[in-house]
Amino acid sequence: MTRRVALGLLAGVPILLLVLATLDALRETGIPGLPVVPWQTLWALPLDRWIRDIAAALTLGCVVVGGLLAPRPDARLLRAASLCAVVWLVALACQIPLTVSELLGRPWADSLDPVIVASLLTQTQLGQFLVVQIVLVGFVVILGWAVLGRVTGAVVLALALAAAMLPALSGHSGLHSGHTAASISLAIHLASVGVWVGGLIAVCAYVMSPGRTPTDAGVTLRRFSVLALVCVLLLAESGLLNASLRVDGIATLITTPYGTLILAKSVLLCALVILGWRQRRYAVSGIDTEPGARAVLLRFAAFEVVLMGLAIGLAVALSRTAPPTGAIAGDRITTASLTLLALALPLVLVWAGARPAPLVRITEAYPEPFAVTVVVAAIVASIIVAAGAVPIGLATLVAGVILVLAGWAFALAATGPRGVPAILLAMVLWIPALWWTALSWTALGDPAETPLQVGLAILAGEGCLALLLLLRERRLPRTAEPAPATVSVP
Ligand code: HEM
């Protein structure tokens with residue numbers, strides 16, 4: 001059962017590859033004078049990084065839950081931690097030839113040249129960090145089998161945390177001028193992601209394992225719930241701090257691929273916070289007393305893990321994307337940002353219960369006009385930003401407010417009793433609206449988004465609209481919540 005929950009993390013792979021494909025990051029560029037990086041490396045490196053991040057998270061989670069949070073050290077989870085650390089180790093080892101191949105533009109076969117590998121590992125900071133990481137993870141593999149009590153559990157956790165945080169010292173953060181703040185914030189981000197994501201899966205495995213007493217399950221789950229809250233706070237704060245060091249002004253959040261990826265992760269985090277809060281309220285409190293609480297816990301966790309998987313997929317794509325240099329008047333809003341602000345964020349708001357009665361009454365009565373409004377808002381917002389008539393920061397704020405308000409009103413209308421036709425209408429209109437905004441940008445003479453980028457944004461929009469349908473049918477996790485008050489209009 002828990003294995004099926006963990007499989008939700010795989011949702012990150014297609015989104016990672018799709019995003020990289022739309023950013024043209026999976027194809028050899030062949031710029032004259034620069035070494036050509038083989039396409040195999042461009043595919044394998046992000047996938048290897050994804051495996052590394054997932055394996056690190058699962059290792060951390062199993063050690064935290066099995067070694068520290070459970071009333072007694074849990075041998076099964078600690079052995080699982082060791083196995084995950086082996087996968088982590090293999091991913092780190094694969095990173096060596098892949099990095100050589102990327103840095104020098106060499107085919108895989110030539111990237112294992114011992115002289116080049118030795119100079120990467122001894123003479124570059126990236127290589128030295130890799131060696132330290134490999135050593136630390138090697139210790140975790142061995143010591144994971146030897147955890148006998150809290151002290152050894154804490155030692156293994158410290159080693160795993162250090163290894164998980166080390167990549168923060170290289171990559172974009174290590175290269176940035178605000179080096180220390182960027183590195184520390186990313187290190188905290190990576191550690192909190194690992195403990196939270198891996199911990200959730202590990203705690204589900206612990207609670208669901210046969211023969212687990214309700215008392216042990218309750219104690220461990222409640223301890224994890226507090227830790228998860230701390231992790232989410234740290235993760236959000238460190239992620240936002242790191243992002244603020246990388247993006248120059250809020251306009252870059254909607255006009256550049258890097259900013260759009262951060263926006264998407266922020267929306268996913270909002271959804272995860274809501275799920276976590278509901279899980280705490282409906283599953284955690286009754287785990288040792290209510291018979292159905294374990295099933296509720298798994299249902300919430302399954303959905304959370306899919307969203308976490310998507311966030312990690314986007315994170316790896318983010319780390320493979322060049323940070324922006326800053327937005328200027330006339331820059332175009334990305335179609336993905338339009339989708340995030342007009343459809344995804346409002347969906348999360350309504351799902352969270354932001355349903356003021358007067359607005360519900362108005363929107364539910366005539367839902368179709370709100371479907372048209374949200375589509376028109378997307379076109380208007382893109383024109384406001386692209387026109388360059390007002391400073392780009394102000395244009396971004398105005399466009400953002402228009403999109404979120406129109407999207408929120410539409411989401412309220414769509415989840416009302418007569419909402420289905422409005423959702424279907426929006427599904428149909430969203431496609432030409434995004435194509436139109438993309439085409440109008442081409443007409444203005446600036447580099448337009450590629451058809452693949454617009455296609456992905458449209459697909460994401462249709463996905464949000466499909467989720468609205470599920471929200472109407474109460475098939476998104478809202479278990480045990482009283483039905484929202486609906487006001488019927490004659
Ligand atoms: C407010 C929300 C968030 C913000 C602003 C944010 C921001 C960032 C930034 C700026 C980076 C550095 C990327 C680079 O190297 O250029 C990063 C990395 C990362 N983030 Fe987040 N993040 C957020 C939420 C999340 C969530 C919810 C998860 C997962 C559940 C996550 C997982 C990761 C991972 C795994 C990395 C490292 C990727 C890698 O280098 O392989 N983040 N994040």
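What follows is a walk through this predicted model, from its two domains down to a few individual residues.

Let's begin with the overall layout. The protein splits into domain 1, covering 2-319, and domain 2, covering 335-472. If you take the centres over C-alpha atoms, the two domains sit 31 Å apart. They do touch: 20 residues of domain 1 are in contact with 19 residues of domain 2. The size of an interface is often given as the accessible area lost when the parts come together. Here, domain 1 and domain 2 bury about 1700 Å² between them, and 83% of that is on carbon and sulfur atoms. On the domain 1 side, T22, I254 and V267 give up the most area to domain 2, together making 31% of what that side buries.

So what about charges and polar groups at this interface? The rule finds zero salt bridges across the interface of domain 1 and domain 2, but it does pick out four residue pairs in polar contact, both partners at pLDDT 80 or more. As for the secondary structure involved, α2 (12-22), α11 (251-255) and α12 (257-284) each supply at least two residues of the side of domain 1 that touches domain 2. The largest share of that side comes from α12, with nine residues. Keep α12 in mind, as we'll come back to it.

Now for the packing inside. The largest nonpolar core has 146 residues, and the members that touch the most others are W88, W196, V197, L403, F410, L465 and L468. Where does this core lie relative to domain 1 and domain 2? Both domains give residues to it, so the core lies between them. For a closer look, pick W196: leaving aside neighbours within four places in sequence, this residue is in contact with F224, A228, C231, V232, L235, L269, L272 and M308.

Back to α12, then. Two residues that follow one another in this helix, Q279 and R280, make a nice pair to look at. Is Q279 buried or exposed? With a relative accessibility of 7%, Q279 is under the 20% cut-off and therefore counts as buried. Beyond its neighbours within four places in sequence, Q279 is in contact with L200, V284, L297, F300, A301 and E304. With E304 there is also a polar contact, side chain to side chain, at 3.2 Å. R280, on the other hand, has a relative accessible area of 39%, so it is partly exposed. Once residues up to four places away in sequence are set aside, R280 touches S225, V226 and S285. From R280 to G149 you travel 131 residues along the sequence and 28 Å through space, C-alpha to C-alpha.

Elsewhere in domain 1, have a look at E102 in helix α4, which runs over residues 75-104. Its relative accessibility is 26%, so E102 counts as partly exposed. Outside its neighbours within four places in sequence, E102 is in contact with V37, T41, L45 and R320. There's a link across the sequence here too: E102 and A44 are 58 residues apart along the chain, yet 10 Å apart in space, C-alpha to C-alpha.

Finally, the salt bridges. The structure holds seven of them. One of these joins the side chains of D53 and R52, at 3.0 Å from N to O. R52 counts as buried because its relative accessibility is 6%. Another pairs E364 with R355, at 3.6 Å, and both of these residues are buried. E364 belongs to helix α15 (residues 357-365), whose buried residues are V360, T363, E364 and A365. Those buried residues of α15 pack against α16 and α17.

Helix α16 brings us to the last bridge on this walk, the one between E368 and R418, at 4.0 Å from N to O. This pair links distant parts of the chain: E368 sits in helix α16 (residues 367-387), while R418 sits in the loop between α17 (392-414) and α18 (419-443), 50 residues apart. How accessible are the two partners? E368 has 26% relative accessibility and so counts as partly exposed. R418, at 44%, counts as partly exposed as well.

Terms used:
Residues numbered from 1 in each chain as written. Predicted model: local features only at pLDDT ≥ 70, side-chain atom pairs only at ≥ 80, totals over all residues. Heavy atoms only, no water. Helix = DSSP H or I, 4+ residues; strand = E, 2+ residues; numbered from the N terminus. Buried < 20%, exposed > 50% of the residue type's maximum accessible area, 1.4 Å probe, protein only. Contact = heavy atoms within 4.5 Å. Core = buried A, V, L, I, M, F, W, Y, C linked by side-chain atoms within 4.5 Å. Domains from an automatic or database assignment. Buried area = accessible area lost by both parts, 1.4 Å probe. Polar contact = N/O pair within 3.5 Å; in protein donor to acceptor, adjacent residues only side chain to side chain.
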